[in-house]
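I set out to record, in order, what I looked up in this structure. The entries below are brief and keep to what was computed.

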Amino acid sequence: MFNFNIEFTGEFVAFFILSVCAIVGAVLAINFTKVVHTTLSIAFTFISLAGLYVVLEAEFLAFVQVLLYVGAITILMIFGIMMTKHDGEGREPARPLLETLAAIGCICLFGILFFGIRNATFQVPTAFASEDNTREIGILMFTQYAIPFELTSVLLTVAFIGAIALAKREEDAE
């Protein structure tokens, strides 16, 4: 049932440590009550994911992860926090029964995913036609996916302007 023939290489250890860091950062982001601490733990999770991309030999994705998510999105969240007021008035009381049921559900989900992944058979990927994956991503992004790329940038700009307008309206109401 359990087939733990794992070869402990440096790559495996790095993957395991970065995976644990990403999970810990995500759990901390959920459990922190202060918004700034939540943002910093999300940034920690993003950095761990960038490390995972490096281990998986996707350097371009790691660079984009650090540039966009760790840099831009985290700074955008911090600006949003600074523009709004967070006094803790919306704090909920602790519910131990609900937290216990959530923990049991998480453990069950972990078990289902663990056994599902352990028993799955994955195909060995074929070699890429090009060793330069950054070049291939660039060619695809600016030829076949140029319109979705530009629409995404417009959507992010509109969302940022909307967030500023909502924060300004909240400030004017007080």
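The entries that follow go from the whole chain to single residues.

**Entry 1: The whole chain.** I noted at the outset that this is a predicted model. I looked up the secondary structure and found 6 helices and 0 strands. Along the sequence, the order reads α-α-α-α-α-α. I then asked what percentage of the 174 residues counts as buried. The value is 13%. The accessible surface amounts to about 14,100 Å², and carbon and sulfur atoms account for 72% of that area. For contacts between residues at least 6 apart in sequence, I recorded that 61% join residues at least 24 apart.

**Entry 2: A nonpolar patch.** I looked next at the surface and found a nonpolar patch that includes Ile 6, Phe 8, Val 13 and Phe 16. Ile 17, Val 20, Val 24, Leu 28 and Phe 32 also belong to this patch. Together, the residues of the patch have about 790 Å² of accessible area. I chose Leu 28 for a closer look and placed it in helix α1, which covers residues 10–31. Its relative accessible area is 34%, so Leu 28 is classed as partly exposed, a label for values between 20% and 50%.

**Entry 3: The second largest pocket.** I recorded a volume of about 750 Å³ for the second largest pocket. This pocket is lined by 21 residues, and those closest to its centre are Leu 68, Phe 149, Thr 152, Ser 153 and Leu 156. Which elements give two or more residues to the lining? They are α3, α5 (133–142) and α6 (146–173). The largest share of the lining comes from α3, with 9 residues.

**Entry 4: Met 77 and Thr 39.** I turned to Met 77, which is located in helix α3. Its relative accessible area is 30%, and Met 77 is therefore partly exposed. Leaving aside residues up to four places away in sequence, I found that Met 77 touches Thr 39 and Ile 42. I also compared Met 77 with Val 36: the two are 41 residues apart in sequence, and their C-alpha atoms are 8.7 Å apart in space.

Thr 39 has its place in helix α2. Is Thr 39 buried or exposed? Thr 39 counts as buried because its relative accessibility is 2%, and the cut-off for buried is under 20%. With residues up to four places away in sequence again left out, Thr 39 touches Thr 74, Met 77, Ile 78 and Ile 81.

**Entry 5: Glu 57 and Asn 133.** I looked up the loop between α2 (35–55) and α3 (59–83), where Glu 57 lies. The phi angle of Glu 57 is near 65°, which is a positive value in a residue other than glycine. Why does Glu 57 count as exposed? Its relative accessibility is 59%, and exposed means over 50%, so Glu 57 meets the cut-off.

Asn 133, in helix α5, touches Glu 57 and Ala 58 when residues up to four places away in sequence are not counted. At 27% relative accessibility, Asn 133 counts as partly exposed. I last noted the separation of Asn 133 from Leu 61: their C-alpha atoms are 9.9 Å apart, while the residues are 72 apart along the chain.

How values were computed: Residues numbered from 1 in each chain as written. Predicted model: local features only at pLDDT ≥ 70, side-chain atom pairs only at ≥ 80, totals over all residues. Heavy atoms only, no water. Patch = residues over 30% accessible without salt bridge, like charges linked within 9 Å, V, L, I, M, F, W, Y side chains within 5 Å. Areas by Shrake-Rupley, 256 points an atom, 1.4 Å probe, with all protein chains shown as cover. Salt bridge = Lys/Arg side-chain N within 4 Å of Asp/Glu carboxyl O. Helix = DSSP H or I, 4+ residues; strand = E, 2+ residues; numbered from the N terminus. Buried < 20%, exposed > 50% of the residue type's maximum accessible area, 1.4 Å probe, protein only. Contact = heavy atoms within 4.5 Å. 1 Å grid on protein atoms, 1.4 Å probe; cavity = no way out; pocket = protein on both sides within 12 Å on 5 of 7 lines; lining within 4 Å. Points joined across faces, edges and corners; volume = space filled by probe spheres on them.
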